[in-house]
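This report describes the fold of one protein chain and the surroundings of its ligand. Please keep the sequence and the structure in view while reading.

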Amino acid sequence: MLDAAAIAELADRVDGAQSNRRTIAKLTDDYPGMTVDDGYAVQDECLRRWQARGRALIGYKAGLTSRAKMIQMGVDVPSFGLLMRDTCDAEGGAVPTAGLIHPRVEGEIAYVMARDLSGPDVSIDQVHAATDFIQPAIEILDSRFEKFRFDLPSVVADNGSSARFVMGGRMRRPGDVDPATIGIVLEINGEAAALACSGAVLGHPARAVQMLVAWLHERGRILPAGSVVLTGAATEAMPIAKGDIVCARFQEMGSINVRID
Ligand code: 0L1
């Protein structure tokens, strides 16, 4: 493990890149021994700083959930990142991207928890029993690494490329739809840019919640009631630019429309 001074120095780099629209080299270039756990220690240090500035944690995101990204990164478990309240934008409005380097959009299913969930091995039924509702979501990613050259420790430290997210469409109880068979069409400026089925995320999006709860448990934490969980994208992330109109249509769950500003 890296020592506290190295973690603080890496948190300066990541936080500075995120706040100042600056690309950085992948962190392992200067710290070749950096591990995925070091990446999470950098994420934790960033969270400590953000909360000290008054920013609120409202949930978590699972990343690297699509088969393509898992193969690319050589992983078989998702990465986890933090969702901050001030990165959530309203459905039907504008998503500010002036502070972003190379934004991309993906569509996914969000879970919103009614009750605390904890433990090493919760079942999908337990996830659903603790869920208030599921809802369509889009996530805007923004990797801070030059030319998208990153590895797992670096991308974890960079909060899984989290930038902004939007929830909308129709809230559904998990028992009212099958969360694993929702067709998703992501349109950019009226053209279908990506198609997916929600089950492409680990076979079932609730698997991302299960794995998140186990990951939190290993760290002595729980998933609190009220948390939002973005379960990860099934599709490729599509580049977007100012002026684009994004519409994500979710079978039986309505759609999300936003303008990229
Ligand atoms: O949400 C995610 O899949 C995390 C992606 C991390 C890498 C990227 O920027 O594509």
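## An open sheet

Five strands make up an open sheet with mixed pairing, in the order S4-S13-S12-S8-S9. S4 and S9 are its edge strands, since each of them pairs on one side only. The model is predicted. As general background, the strands of a sheet pair through backbone hydrogen bonds, and the pairing is either parallel or antiparallel.

Two of the pairings can be followed residue by residue. Strand S12 covers residues 245–250 and strand S13 covers residues 254–260; they pair in the antiparallel sense over six bridges. In this pair, Phe-250 stands opposite Gly-254 in S13. Strand S8 (residues 183–188) and strand S9 (residues 191–197) also run antiparallel, joined by six bridges. Here Ile-188 stands opposite Glu-191 in S9.

## The S8–S9 hairpin and positive phi angles

S8 and S9 form a hairpin, with two residues between the strands. Asn-189 is in the turn, and its phi is near 55°, a positive value in a residue other than glycine. Most residues other than glycine have a negative phi. Is Asn-189 exposed, partly exposed or buried? Asn-189 counts as partly exposed because it has 13 C-beta neighbours inside 10 Å, and the exposed class ends at 12.

Phe-148 also has a positive phi, near 60°, and is not a glycine. This residue is found in the loop between strand S6 (131–141) and helix H5 (152–157). Phe-148 has 12 C-beta neighbours inside 10 Å and therefore counts as exposed.

## Two further loop residues

Where is His-102 found? His-102 is in the loop between strand S4 (94–95) and strand S5 (104–113). With 17 C-beta neighbours inside 10 Å, His-102 counts as partly exposed, because a residue needs 20 or more to be buried. Leaving out residues up to four places away in sequence, His-102 touches Asp-142 and Pro-239. The C-alpha atoms of His-102 and Val-185 are separated by 22 Å, and the two residues are 83 apart along the chain.

Val-77 is placed in the loop between helix H3 (67–73) and strand S2 (79–84). Val-77 has 15 C-beta neighbours inside 10 Å, so it counts as partly exposed. From Val-77 to Met-113 the distance is 22 Å, C-alpha to C-alpha, with their positions 36 residues apart in sequence.

## The annotated domain

The UniProt annotation "domain: Fumarylacetoacetase-like C-terminal", from an unreviewed entry, covers residues 102–260. In the model this span is 16% helix and 36% strand. The C-alpha atoms at its two ends lie 13 Å apart.

## Around the ligand

Which residues are around the ligand? They are Gly-63, Leu-64, Lys-69, Leu-141, Ser-143, Val-155, Gly-160, Ser-161, Gly-232, Ala-233 and Ala-237. By class, the shell divides into five nonpolar residues, five polar and one charged.

## Confidence

The protein chain has a mean pLDDT of 95, and 100% of its residues reach 70 or more. For the complex, the predictor gives an ipTM of 0.93 and a pTM of 0.96. In general, predicted coordinates should not be read in detail where pLDDT is low.

How values were computed: Residues are numbered from 1 along each chain as its sequence is written. This is a predicted model: local features need pLDDT of at least 70, side-chain atom pairs count only at pLDDT 80 or more; totals for chains, interfaces and linings use all residues. Helices (H or I, at least four residues) and strands (E, at least two) are DSSP runs, numbered from the N terminus. Two residues are in contact if their C-beta atoms, placed from the backbone, lie within 7 Å. A residue is near a molecule or strand if its C-beta atom, placed from the backbone, lies within 6 Å of it. Ala, Val, Leu, Ile, Met, Phe, Trp, Tyr, Cys and Pro count as nonpolar, Asp, Glu, Lys and Arg as charged, and the others, Gly among them, as polar. Two strands pair if DSSP finds at least two bridges between them. pLDDT is the predictor's confidence in each residue, from 0 to 100. UniProt positions are given in the numbering used here, feature names are shortened, and annotations may be inferred rather than shown by experiment.
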